[in-house]
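User: I have a model open and I would like to know how its labels are justified. Can we go through them one at a time?

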Amino acid sequence: MDTTAPASPSPAPEPDAPVTAVATVVVSDAVTKVDALQVLSALTGARIVGERTASPRVPLADGAWAEIEIPKFGEAPPLAIDVHAANESVARAQARAVIALLRDGAGWSVHGMFPGA
């Protein structure tokens, strides 16, 4: 019988491109961080990177990726999905794509917190 402790998960690898922009998508439905990551992963067809770490994320097109922010103590319950990218236009374009995926594919109530959302 193996009595060694399981290896702790390694930290999520850092993205290749430097991040200079973030576009936030707000989910108004009651959804957990784990469920949101799994749904986003399924809808995009991308594997969750850094699963079981403090900073899991879902890769998106054009070098962008999405991270899920959960409300802190005392904050309102909506979930925030931060779309990170090397520039603002890519972050916003990918955030709009995430909004469409979550509305059409999951039936969630979502909106962007950036101009043109």
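Analyst: In H2, the buried residues include Val 90, Ala 91, Gln 94, Ala 95, Val 98, Ile 99 and Leu 102. This is a predicted model, and the labels below are computed from it.

User: What covers the buried residues of H2?

Analyst: The cover includes strand E1 (21-27), helix H1 (33-44), strand E4 (79-85) and strand E5 (110-112). After H2 comes Gly 107, with a positive phi near 70°.

User: How do you know that the span of helix H2 agrees with its 19 residues?

Analyst: The expected span is 1.5 Å times one less than the number of residues. For the 19 residues of H2 (residues 88-106) this gives 27 Å, and the end C-alpha atoms are 26 Å apart, so the two agree.

User: What makes the contact between Glu 88 and Arg 92 a salt bridge?

Analyst: The cut-off is a side-chain nitrogen of Lys or Arg within 4 Å of a carboxyl oxygen of Asp or Glu. The side chains of Glu 88 and Arg 92 meet at 2.9 Å, N to O, so the pair satisfies the definition. Both residues lie in helix H2, 4 residues apart, which is about one turn of the helix. The structure holds 1 salt bridge. In general, side chains of opposite charge can pair when their charged atoms come close.

User: Why are Glu 88 and Arg 92 called partly exposed?

Analyst: Buried means under 20% relative accessible area and exposed means over 50%, with partly exposed in between. Glu 88 has 47% and Arg 92 has 21%, so both fall in the middle class.

User: Why is Ser 41 called buried?

Analyst: Its relative accessibility is 15%, and the cut-off for buried is under 20%. Ser 41 is found in helix H1. Leaving aside residues up to four places away in sequence, Ser 41 touches Ala 46, Arg 47, Ile 48 and Val 58.

User: What is notable about phi of Arg 52, and is Arg 52 buried or exposed?

Analyst: Phi of Arg 52 is positive, near 70°, in a residue other than glycine. Most residues other than glycine have a negative phi. Arg 52 is found in the loop between H1 and strand E2 (58-59). Its relative accessibility is 75%, and exposed means over 50%, so Arg 52 counts as exposed.

User: Where is Asp 62 found, and is Asp 62 buried or exposed?

Analyst: Asp 62 is found in the loop between E2 and strand E3 (65-69). With a relative accessible area of 62%, Asp 62 is exposed. Asp 62 also has a positive phi, about 60°, although it is not a glycine.

User: What makes E4 largely enclosed by the rest of the structure?

Analyst: 7 of the 7 residues of E4 are buried, and the conclusion follows from that. Leu 79, Ile 81, Val 83 and Ala 85 point one way from E4, while Ala 80, Asp 82 and His 84 point the other way.

User: How do the strands pair, and which stand at the edges?

Analyst: The 5 strands form an open sheet in the order E2-E3-E4-E1-E5, with antiparallel pairing. E2 and E5 stand at the edges because each has a single partner strand, which leaves one side of each without a neighbour in the sheet. E1 and E4 pair over 7 bridges, and Val 26 stands opposite Ala 80 in E4. E3 and E4 pair over 5 bridges, and Ile 68 has Ile 81 in E4 as its bridge partner.

User: Which residues have the most contacts inside the largest nonpolar core?

Analyst: That core has 28 residues, and those with the most contacts inside it are Val 27, Leu 40, Ile 81, Val 98, Leu 102, Trp 108 and Val 110. E1, H1, E3, E4 and H2 each supply at least two residues of the core. The largest share, 6 residues, comes from H2. Nonpolar side chains tend to be buried together in soluble globular proteins.

User: What is the pLDDT of the chain, and where is it below 50?

Analyst: The chain averages a pLDDT of 84, and 78% of the residues score at least 70. Over residues 1-14 the pLDDT is below 50. Where pLDDT is low, the predicted coordinates should not be read in detail.

Key. Residues numbered from 1 in each chain as written. Predicted model: local features only at pLDDT ≥ 70, side-chain atom pairs only at ≥ 80, totals over all residues. Heavy atoms only, no water. Buried < 20%, exposed > 50% of the residue type's maximum accessible area, 1.4 Å probe, protein only. Contact = heavy atoms within 4.5 Å. Core = buried A, V, L, I, M, F, W, Y, C linked by side-chain atoms within 4.5 Å. pLDDT = per-residue confidence, 0-100. Pairing = 2+ DSSP bridges.
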